[in-house]
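Student: I would like a close look at one part of this protein. Please take a single helix and work outward from there.

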Amino acid sequence: MTLCQNGNSANRNVAGQRPLEGKLAIVTGSSRGLGAAFARQLASKGSSLVINYISESSTAGATALATSLSNEYSIKAITAQADLSTTDGPSQIVTVAKQHFTNPQTNTFQIDIIINNAGIVLPEALGSVTLENFDRQYHVNVRGPMLLVQAALPNLPTDRSGRMNREFTSY
Ligand SMILES: NC(=O)c1ccc[n+]([C@@H]2O[C@H](COP(=O)([O-])OP(=O)(O)OC[C@H]3O[C@@H](n4cnc5c(N)ncnc54)[C@H](OP(=O)(O)O)[C@@H]3O)[C@@H](O)[C@H]2O)c1
């Protein structure tokens, strides 16, 4: 887990151009691909970030992304390496986030945005689908997002300002 924070206000846009200023977003699977693009878009609007990924080989890339977005957009970004397919991986992401973020308005820990982006696709003809591969996909693509939202539940806003989505492709 790495922490990047840039206190430089030179990059801060004028009010109105950063509608997500002070918000916190968790983006699963954001070390690369679409997740990294979502993270960049959120950062450009002022949101702080938890950049989640799974592979050791992605640690350098995720850390570099957190540093780059922190510097470019004057937000706070941390990385959280955790496997969404496990029973405790999703709650680990929330635990790590809790250690680093406090909402500036409420002075409490709040998760404003969850982008359930991480996903895997293991294409197989219907007649050849193995239970092992079905379970692997189900645990990352379906159970992981449910467990993440469940873990985040006590820390979601209650004024309808929160946002969640789920990216998904399957065969
Ligand atoms: N690419 C497309 O054309 C397309 C189209 C429609 C929908 N989608 C959906 O969009 C999402 C992202 O697609 P993508 O092509 O950008 O994916 P990608 O390039 O393969 O990146 C996958 C990301 O998910 C992470 N990840 C994978 N398994 C994980 C796990 N068990 N726990 C935590 N993180 C995990 C990876 O981390 P590591 O870097 O550590 O491996 C990586 O950050 C997927 O859900 C996909 O189904 C993609």
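Tutor: Start just outside the helices, with a loop residue. Ser74 is buried, because 20 C-beta neighbours lie inside 10 Å and the cut-off for burial is 20 or more. Ser74 sits in the loop between α2 (59–73) and β4 (76–81). Its backbone stands out too: phi of Ser74 is positive, about 50°, and Ser74 is not a glycine. Most residues other than glycine have a negative phi.

Asn107 makes a useful partner to Ser74. Asn107 also has a positive phi, near 60°, and is not a glycine. Asn107 belongs to the loop between α3 and β5. Asn107 is exposed, because just 8 other C-beta atoms fall within 10 Å. So Ser74 is buried, whereas Asn107 is exposed.

Now the setting. The model is predicted. The protein has 4 helices and 6 strands. From the N terminus, the order of elements is β-β-α-β-α-β-α-β-α-β. Of its 171 residues, 38% count as buried. Take the contacts between residues at least 6 apart in sequence: 71% of them join residues at least 24 apart.

The helix to examine is α4, residues 131–152. Check its length before anything else. α4 has 22 residues, and at 1.5 Å a residue they should span 32 Å. The end C-alpha atoms of α4 are 29 Å apart, which agrees.

Next, the bend. α4 has a kink of about 40° at Arg143. The proline Pro145 follows shortly after that point.

Which residues of α4 are buried? They are Val140, Asn141, Gly144, Pro145, Leu147, Leu148 and Ala152. An α-helix has 3.6 residues a turn, so residues three or four places apart point the same way. Keep that in mind when you read the buried positions: Val140, Gly144, Leu148 and Ala152 are among them. The cover over the buried residues of α4 includes α3, β5 (113–116) and β6 (163–166).

Look at α3 as one part of that cover. Two packed helices are described by the angle between their axes and the distance between the axes. For α3 (residues 89–98) and α4, the angle is about 35° and the axes are 8 Å apart. The crossing of α3 past α4 is right-handed. On the α3 side, the contact uses Gly89, Pro90, Ser91, Ile93 and Val94. On the α4 side, Gly144, Leu147, Leu148, Ala151 and Ala152 take part. By type, the residues of this contact are 7 nonpolar, 3 polar and no charged. Gly144, Leu147, Leu148 and Ala152 appear again here: they are buried in α4 and they belong to the contact with α3.

Two other residues of α4 deserve a stop. Asp135 lies in α4. Asp135 is exposed, because 12 other C-beta atoms lie within 10 Å and 12 or fewer counts as exposed. Gln137 is in α4 as well. Gln137 is partly exposed, because its 19 C-beta neighbours inside 10 Å fall short of the 20 needed for burial.

Both residues can be placed relative to Ser85. Asp135 and Ser85 are 50 residues apart along the chain, and their C-alpha atoms are separated by 9.4 Å. Gln137 and Ser85 are 52 residues apart in sequence, with a C-alpha to C-alpha distance of 8.4 Å.

How values were computed. Residues are numbered from 1 along each chain as its sequence is written. This is a predicted model: local features need pLDDT of at least 70, side-chain atom pairs count only at pLDDT 80 or more; totals for chains, interfaces and linings use all residues. Axes are lines fitted to C-alpha atoms, for helices over the stretch in contact, and angles run from 0 to 180 degrees between N-to-C directions. Helices (H or I, at least four residues) and strands (E, at least two) are DSSP runs, numbered from the N terminus. A crossing is left-handed if the near helix is turned anticlockwise from the far one by less than a right angle, and right-handed if clockwise. Two residues are in contact if their C-beta atoms, placed from the backbone, lie within 7 Å. Ala, Val, Leu, Ile, Met, Phe, Trp, Tyr, Cys and Pro count as nonpolar, Asp, Glu, Lys and Arg as charged, and the others, Gly among them, as polar. The expected span of a helix is 1.5 Å times one less than its number of residues. The bend at a residue is the angle between axes fitted to the seven residues ending there and the seven starting there.
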